[in-house]
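User: I would like to go through this model and ask, for each label, what it rests on. Please set the values against the cut-offs as you go.

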Amino acid sequence: MGLGARQWIDAAGSVFGIDALYGIDIFWIRPLTTSLEMTAGSLGSAWVFEPRATMGVVIGFGEVYAGYDALWIGSTNGGPTANLGGPVVGLRAYF
């Protein structure tokens, strides 16, 4: 669980917001893992919601993972909702 800052920068300028985060890592039968995260908050006057789910394999002190990250930013001034996100792959180190 945590709190964080969010920033958006584009040609029109920059806006800031705050997020609340909740996440859980599940270590199934060795070496399989699942990570589930969700953030919700604000970005200027817009709302933001971002779920993320990954599955991975632990190898030594690291993990190789793949999954999906979605990002929805609410409309401001009657504009459209931004639907961003896509597949993610990566490496994670455990210390």
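The questions and answers below take up the chain as a whole, then its core, and then two residues.

User: What kind of model is this, and what secondary structure does the chain have?

Analyst: This is a predicted model. The chain has zero helices and six strands, and from the N terminus the order of elements reads β-β-β-β-β-β.

User: Why is the chain described as more spread out than a compact globule?

Analyst: For 95 residues the globule rule gives 12 Å, whereas the radius of gyration of the chain is 16 Å, which is well over that value, and the chain is therefore described as more spread out than a compact globule. Along the principal axes, its C-alpha atoms fill a box of roughly 50 × 25 × 20 Å. Buried residues account for 25% of the 95 residues, and the accessible surface is about 6600 Å², with 68% of it belonging to carbon and sulfur atoms.

User: Which residues form the largest nonpolar core, and what makes them count as one?

Analyst: The largest nonpolar core consists of Leu-43, Ala-46, Val-48, Leu-71 and Ile-73. Strands β4 (46–59) and β5 (62–73) are the elements that each give two or more residues to this core. The set counts as a core because its members are buried residues of the nonpolar kinds, joined through side-chain atoms within 4.5 Å. In soluble globular proteins, nonpolar side chains tend to be buried together.

User: Why is Leu-43 called buried or exposed, whichever applies?

Analyst: Buried means under 20% relative accessible area, and Leu-43, at 8% relative accessibility, therefore counts as buried. Leu-43 lies in strand β3 (residues 32–43), and, leaving aside neighbours within four places in sequence, Leu-43 is in contact with Arg-6, Gln-7, Trp-8, Val-15, Phe-16, Gly-17, Val-48 and Ile-73. Among these partners, Gly-17 is 26 residues from Leu-43 in sequence, while their C-alpha atoms are 4.1 Å apart in space.

User: How do you know which class of exposure Gly-67 belongs to?

Analyst: The partly exposed class lies between the buried limit of 20% and the exposed limit of 50%, and because the relative accessible area of Gly-67 is 25%, this residue is partly exposed. Gly-67 is found in strand β5 and, not counting residues up to four places away in sequence, touches Ala-53, Thr-54, Gly-86, Pro-87 and Val-88. Gly-67 and Ala-53 are 14 residues apart in sequence, with a C-alpha to C-alpha distance of 5.6 Å.

How values were computed:
Residues numbered from 1 in each chain as written. Predicted model: local features only at pLDDT ≥ 70, side-chain atom pairs only at ≥ 80, totals over all residues. Heavy atoms only, no water. Helix = DSSP H or I, 4+ residues; strand = E, 2+ residues; numbered from the N terminus. Rg over C-alpha atoms; globule rule 2.2 N^0.38 Å. Buried < 20%, exposed > 50% of the residue type's maximum accessible area, 1.4 Å probe, protein only. Areas by Shrake-Rupley, 256 points an atom, 1.4 Å probe, with all protein chains shown as cover. Contact = heavy atoms within 4.5 Å.
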